[in-house]
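Let's walk through this one together, starting with a charged side chain and working out to the way the domains meet. Have the structure open and follow along.

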Amino acid sequence: MSVQMAARPNDDPLLRVEGLSVSYPGGQPDQQTIHAVRNLSFVIAAGETLGIVGESGSGKTQSALSLMGLLPETALKAGSAIFAGRDLLSLDDGKLNQIRGSAISMIFQDPMTSLNPHIAIGRQMSRVLERHQGMSRRTALKVAAEMLDAVRVPDAADRLRQYPHELSGGMRQRIMIATALLCKPQLLIADEPTTALDVTVQAQILTLMHDLQHELGTAILLITHDMGVVAGLCDRVLVMRDGQMRECGSVNKVFYESQDNYTRELLAAVPRLDEVQPRRLAVVGDSEAEATADIDSRPVGDTMLTVDKLEVRFSAGRPGPFRPVQFLHAVAGVSLELGRGETLGIVGESGCGKSSLARGVLQLVDVHAGRVTLLGEELGMLDKQRLKQRRRQMQIIFQDPLASLDPRMTIADIVAEPLHTFFPTMSRTRQLVKVKAILERMGLEAGYMNRYPHEFSGGQCQRIGIARALIAEPELVICDEPVSALDVSVQAQIVNLLMDLQQDMGLALIFIAHDLAVVRHISHRVMVMYLGRIAEVADRDALYNSPRHPYTQALISAVPIPDPRVERNRDRTLLAGDVPSPLEPPSGCAFRTRCPLADARCAAETPGLRTAGESLVACHHA
Amino acid sequence: MDGGAARLDAHAHTAQNRTMLSFAFRRFLSAIPTLLILIALAFALIRVAPGGPFDTEKQIPPEIEARLNEAYHLDEPLYQQFGRYLTGLAQGDFGPSFQYKDFTVTELIAAGFPVSLKLGGLAMLLALLVGISVGTLAALRQNSRTDHVAMAAAMTGISIPNFVLAPLLVLLFAVTLRWLPAGGLGDGSLINLVLPVISLALPQIAYIARLTRGSMIEVLRSDFIRTARAQGLPGREIILGHALKPAMLPIVSYLGPATAGIITGSVVIEQIFGVPGLGRYFVQGALNRDYTLVMGVVVFYGVLIIMFNFLVDLAYRWLDPRVKL
């Protein structure tokens with residue numbers, strides 16, 4: 001407590017960081033020192049929100065961790081960070097422990113792993129109060145319950161007895177925030193607090209942080225890669241790249257009058273949800289305008305894929321003598337058609353069944369019911385051998401670029417693998433010629449062929465993954481969150497590449513993503529899924545300009561737009577709560593538990609897809 | 001809303017109790033075939049061994065041997081004997097001992113087991129206390145001298161079998177230094193158990209220390225420990241309040257094999273130190289082809305280990321609430 005009371009002239013900032021550097025000396029003589037943060041200076045005033053944005057490796061998280069004394073022991077720190085008259089960088093752990101958790105708190109990216117799964121939530125919260133405010137456990141638990149109330153956690157007292165795994169991601173992040181605010185800190189450091197959450201939940205958390213800041217007057221240091229989040233929440237922004245500050249100023253100044261090339265390029269690389277004219281995404285470091293390959297130059301041909309009432313289910317838990325097998329209906333009757341050269345975007349929150357749908361279409365999981373017809377052949381009727389041959393025509397690109405490449409195979413072997421499978425008689429020389437050609441098409445040097453996946457960046461790995469998917473010249477490619485793990489600038493390159501490839505090869509794409517802006521950018525048509533069912537399907541512009549389903553409307557309104565003036569003047573439909581468990585979906589319309597329009601009919605009758613305006617919608621009220 | 005939540009909570013509670021009961025029941029059911037296989041294997045193995053319970057250096061007249069065999073039903077076909085044994089077992093009757101003719105096997109087990117339990121229990125307690133402390137210390141000072149010395153000692157402890165270690169300890173502490181008694185239970189005071197307990201515990205201490213170190217290091221790297229540090233909790237509280245419980249998971253799963261290890265270890269150790277425990281009866285029973293005694297001890301320990309593994313699963317569930325029973 002004494003720390004908070006320390007005399008501080010009113011005009012001094014809350015935190016003054018000067019010349020902050022973080023470096024990791026190489027262990028061996030031939031290893032270079034890594035400079036994670038270089039000479040960073042900034043101030044935070046009481047009650048303000050400063051955003052630090054940058055791509056991975058820019059040093060934004062390292063800066064925050066150094067303030068909290070959480071860097072690994074091998075890190076070297078220099079500079080100063082004056083908070084309440086003390087230099088945070090030079091305090092020992094004992095003195096730092098009086099400040100962290102009390103006057104400065106921190107919340108982290110992944111609420112799944114940042115809470116201790118082995119300890120009840122109440123105990124995790126009460127420890128903080130017992131430590132910093134000397135409360136008894138009883139009083140501490142009472143205060144904890146009040147704080148959970150304040151962060152809008154329903155039935156707060158019951159939550160204290162629960163364990164983290166019993167709660168949803170959004171609930172856990174609320175609990176993280178509540179724990180961080182227990183001692184009424186003057187500064188809250190939030191490291192990517194909403195990155196691991198679905199958009200509707202992200203919108204809830206951002207609104208909550210905004211409201212709490214007004215109630216408590218806490219200053220926030222918000223670390224994020226998402227320009228939209230910054231535009232909505234921050235007073236000032238600091239842009240970082242390669243450990244250095246590129247620019248720092250008020251939100252409006254940085255977004256509208258940026259003096260820095262990198263900042264401008266970064267902003268241009270972000271696909272925007274509200275963009276009417278499709279364009280080629282700008283690529284950072286490449287300011288020359290390239291020929292635009294927009295959607296209209298990619299014509300759609302005749303239908304090549306038909307999915308009819310597809311159902312995919314998984315058994316959940318093992319059956320016991322007194323327990324029937326419970327099924328999780330990941331995909332509960334989805335039908336769709338796809339033409340040659342067409343891109344169908346599929347969006348929805350985690351657990352909506354979009355990845356299961358992809359795997360079902362490709363027959364990678366057992367299809368419980370329904371038919372998938374590719375180029376006139378029903379895949380479910382084929383024997384193993386024929387199906388294997390058909391796989392040449394349908395390929396998939398995965399989310400995690402590095403994890404989806406075998407670490408013990410060279411790039412050449414990885415990319416050539418489909419050739420082994422589908423053209424077993426092809427000579428090695430001929431295979432290598434093809435591999436070389438496709439790598440070059442992907443913008444990768446042929447010299448990479450004998451290297452291993454870990455030597456490449458995420459974006460390069462994803463190009464290798466795409467090369468592998470395309471080398472056997474498939475007709476249908478399913479991209480399962482292909483850019484979610486990538487930085488904005490790399491994402492722009494991959495999206496551009498996919499669009500070019502589609503145009504060249506006439507590919508039909510199913511593009512699965514949770515980022516609605518990217519999907520808008522690349523898709524001809526967009527399908528919104530909720531709990532294994534289609535909520536709405538429509539042509540891209542129709543869906544984004546006049547969404548019919550209340551869920552589509554809420555999703556779109558939850559996506560932050562990287563434009564402060566637009567973002568701060570939007571009317572939001574905030575969805576309450578989380579996606580219900582797919583093990584026990586609500587009766588009738590699955591969305592009714594969160595729907596503002598829900599009535600008795602929605603609980604009784606499952607809405608079928610019907611035409612409304614330019615969309616196909618599954619809603620009684622659309 | 002509140003009432004609904006309370007109902008939901010109560011519902012979750014009874015549901016939890018029900019899964020607990022059904023878990024216990026499932027385990028009970030699955031224990032039956034395990035035990036049957038164990039009994040059949042032990043029965044077969046001891047009968048395959050050459051010789052019989054009444055072979056002595058002096059030839060017994062054939063008619064007496066026939067009478068003996070008849071009295072103990074050894075003249076029946078094997079499957080009948082097996083069936084007879086199982087029937088007795090189902091009624092809790094381990095049968096009479098062939099060697100200690102005035103005792104039933106049940107009486108022998110009742111005499112030997114308390115001694116073995118004391119020995120094994122103390123060894124296990126010591127192994128856990130010392131092993132976990134040393135392992136945690138080594139994890140906290142990772143790659144320091146403390147760490148290296150502790151882990152080298154642990155490696156040695158694992159490598160030396162206890163039938164080598166025990167005589168060495170006797171030589172040092174009992175024969176040379178004369179600090180501790182060399183064997184027997186003497187007046188029954190604990191000092192007589194010091195050397196047997198240490199010999200039995202040392203390999204387990206070593207293994208548990210290594211396990212603890214590894215899992216503690218991993219836990220200390222996890223995100224929730226970073227959160228605890230960011231909350232300004234001091235190191236002691238982070239270790240005891242946040243890290244210990246998850247770090248204990250591998251140790252708890254090792255408790256099953258550890259118990260088995262201590263039981264088999266005690267067979268040897270009791271022999272070396274002349275402790276009149278169950279292990280000694282077992283060894284002598286095996287040497288004398290005392291069929292019922294050997295079978296009795298095997299079944300008894302089998303049940304014990306199955307029960308212990310059940311307890312371990314419950315402890316696991318307590319340590320990690322995500323585990324489904």
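Start at A:Arg100, which is buried, with just 3% relative accessible area. Keep in mind that you're looking at a predicted model. So what does a side chain like that pair with? Side chains of opposite charge can pair when their charged atoms come close. Here the partner is A:Asp93, and the two side chains meet in a salt bridge, 3.4 Å from N to O. A:Asp93 itself is partly exposed, at 43% relative accessible area, so this bridge joins a partly exposed acid to a buried arginine.

Now move along chain A to A:Glu377 and A:Arg390, another salt bridge, with the closest N and O atoms 2.2 Å apart. This pair links distant parts of the chain: A:Glu377 sits in strand β15 (residues 377-378) and A:Arg390 in helix α14 (residues 384-390), 13 residues apart. In this case the acid, A:Glu377, is the buried one, at 18% relative accessible area, while A:Arg390 counts as partly exposed at 22%. Those two values fall on either side of the cut-off, because buried means under 20%.

Chain B has a salt bridge to look at too: the side chains of B:Glu76 and B:Arg84 meet at 2.6 Å, N to O. B:Glu76 is buried, with a relative accessible area of 17%, and B:Arg84 is partly exposed at 40%. Back in chain A, salt bridges with shared partners tie A:Arg123, A:Glu130 and A:Arg137 into one network. Over all chains, a search of the whole structure turns up 36 salt bridges.

Next, zoom out to the domains. Chain A splits into domain 1 (2-110 + 186-269) and domain 2 (297-539), and their C-alpha centres lie 37 Å apart. Nine residues from domain 1 and seven from domain 2 make the contact. How much area is buried between domain 1 and domain 2 of chain A? It's about 720 Å², with carbon and sulfur atoms giving 45% of that. On the domain 1 side, A:Glu55, A:Asp198 and A:Ala269 lose the most area, together 60% of what that side buries.

What about charge pairing across this contact? The count of salt bridges between domain 1 and domain 2 of chain A is zero, but four residue pairs are in polar contact across the interface. The elements giving two or more residues to the domain 1 side are α9 (199-216) and α12 (261-269) of chain A, and α9 gives the most, with three. By class, that side has four nonpolar, three polar and two charged residues.

How values were computed: Residues numbered from 1 in each chain as written. Chains lettered and ligands numbered in written order. Predicted model: local features only at pLDDT ≥ 70, side-chain atom pairs only at ≥ 80, totals over all residues. Heavy atoms only, no water. Salt bridge = Lys/Arg side-chain N within 4 Å of Asp/Glu carboxyl O. Buried < 20%, exposed > 50% of the residue type's maximum accessible area, 1.4 Å probe, protein only. Helix = DSSP H or I, 4+ residues; strand = E, 2+ residues; numbered from the N terminus. Domains from an automatic or database assignment. Contact = heavy atoms within 4.5 Å. Buried area = accessible area lost by both parts, 1.4 Å probe. Polar contact = N/O pair within 3.5 Å; in protein donor to acceptor, adjacent residues only side chain to side chain. Nonpolar A, V, L, I, M, F, W, Y, C, P; charged D, E, K, R; others polar.
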